[in-house]
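Colleague: Before I plan anything around this protein, could you take me through the model one question at a time?

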Amino acid sequence: MTDTLISPSILSADFARLGEEIAAIDAAGADMIHVDVMDGHYVPNLTFGAPILKKLRPHSKKPFDVHLMISNPADYIHAFADAGADILTIHPEADPHAHRTLQAIRAAGMKPGIALNPSTPAHWVDFLLDELDLILVMSVNPGFGGQSFIPNQLEKIRQLRAKIDAKDRNIILEVDGGVTPENAASILKAGATSLVAGSAVFKGDPSSYADNIRALRKNHTI
Ligand code: DX5
Ligand code: ZN
């Protein structure tokens, strides 16, 4: 596969130098910039919100792939559109009106995505597929970087691949959590088209980032 997308998660970047870190992964070959927004309520951790994203926007021209791990994501759609998000992904477990929220995300000029927790079954997307540009499979429980990939999520990736293929719509199938050069090939073989990686990319100093990204792309012709 030559068209695998790599979306490094800045959760593992040096937060005191976020602008430089984003420019570094952009130059190192990232396809998108994965931005993990956490509210300390939906997930047990806090990161940052739209005002910081807006300040980061000029540091890369690559798409900002924004993953909202927050309650009531609909309340923040316009803030993230204004901040320059390109893809806005919500958790349906955090929003009783996910269908409406996805439509509102598209109406605000962004690509809508849905993220499924490890315990959330693939069929949660069944009545959302027509609204979606991205499905994010959480292969760890959300909240922290550096956790281990949960192997049974491979089966969910396969199920989602079949659902997407049956619809014949161009939907990115992204996997987030514990992605490494060792397991990337099996994740892609299961049908993913985009890999999020935090600790595997922000390893060593910025001069290593290009090699780290290349390592995720390697061995993917299956
Ligand atoms: C977890 C986040 C992930 C995380 C991935 O809640 O959504 O994006 O940063 O980090 P690694 O690649 O270290 O598992
Ligand atoms: Zn994420």
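**Reading the model**

Colleague: Are F202 and Y209 buried or exposed?

Modeller: This is a predicted model, in which local features need pLDDT of at least 70 and side-chain atom pairs count only at pLDDT 80 or more, while totals for chains, interfaces and linings use all residues. Residues are numbered from 1 along each chain as its sequence is written, chains are lettered from A and ligands numbered from 1 in the order in which they are written, and side-chain values use heavy atoms, with hydrogens and water left out. A residue counts as buried under 20% relative accessible area, exposed over 50% and partly exposed in between, with a 1.4 Å probe and protein chains only. On that scale, F202 and Y209 are both buried.

Colleague: What is the arrangement of the donor atoms around the zinc ion (ligand 2)?

Modeller: On the protein side, H34 donates through NE2, H67 through ND1, and D36 and D176 through OD, at 2.1 to 2.3 Å from the zinc ion; donors here are N, O and S atoms within 2.8 Å of the metal (3.2 Å for Na, K and Ca), and a site may look incomplete as water is not among the atoms. Four donors would be tetrahedral with all angles between 85 and 135 degrees, four are square planar and six octahedral if opposite donors are over 155 degrees apart and all others between 65 and 115, and anything else is irregular. The 6 donor atoms around this zinc ion subtend angles of 67 to 169°, so the arrangement is octahedral.

Colleague: How many residues apart in sequence are the parts that D36 and D176 tie together?

Modeller: Along the chain, the donors of the zinc ion follow the spacing H-x1-D-x30-H-x108-D. D36 belongs to strand β2 (residues 33-38) and D176 to strand β7 (residues 172-176), so this pair joins parts whose separation in sequence is 140 residues.

Colleague: Which strands stand at the edges of the sheet?

Modeller: Strands (E, at least two residues) and helices (H or I, at least four) are DSSP runs numbered from the N terminus, and two strands pair if DSSP finds at least two bridges between them. The open sheet has 8 strands in the order β1-β8-β7-β6-β5-β4-β3-β2, with parallel pairing. Two of these strands have a single partner each, so one side of each is left without a neighbour in the sheet, and they are β1 (5-8) and β2.

Colleague: What is the bridge partner of P8 in β8?

Modeller: β1 and β8 run parallel and are paired over 4 bridges, while β8 is also joined to β7, again in parallel, by 3 bridges. Both faces of β8 are covered, with S194 and V196 buried on one side and L195 and A197 buried on the other. Of these residues, S194 has E174 opposite it, and the partner of P8 is A197.

Colleague: Which elements do the buried residues of α1 pack against?

Modeller: Helix α1 is mostly covered, with 7 of its 10 residues buried, including L18, E21, I22 and I25. Contact means heavy atoms within 4.5 Å, and the buried residues of α1 pack against β1, β2, α2, β3 and α7.

Colleague: How many aromatic pairs does the structure hold, and what angle lies between the ring planes of F202 and Y209?

Modeller: Rings of Phe, Tyr and Trp (its six-membered ring) pair if their centres lie within 6.5 Å, planes under 30 degrees apart being stacked, over 60 edge-to-face and the rest tilted, and the structure holds 2 such pairs. The pair of F15 and F48 has ring centres 5.6 Å apart and planes at 50°, so it is tilted. Here F15 is partly exposed at 38% relative accessibility, whereas F48 is buried at 8%. F202 and Y209 form an edge-to-face pair, with 5.1 Å from centre to centre and an angle between the planes of 70°.

Colleague: What relative accessible area does D168 have?

Modeller: D168 sits in the loop between α5 (153-167) and β7, and has a positive phi of about 55° although it is not a glycine. N72 likewise is not a glycine and has a positive phi, of about 50°, but N72 counts as partly exposed at 46% relative accessibility. D168 is classed as exposed, its relative accessible area being 69%.
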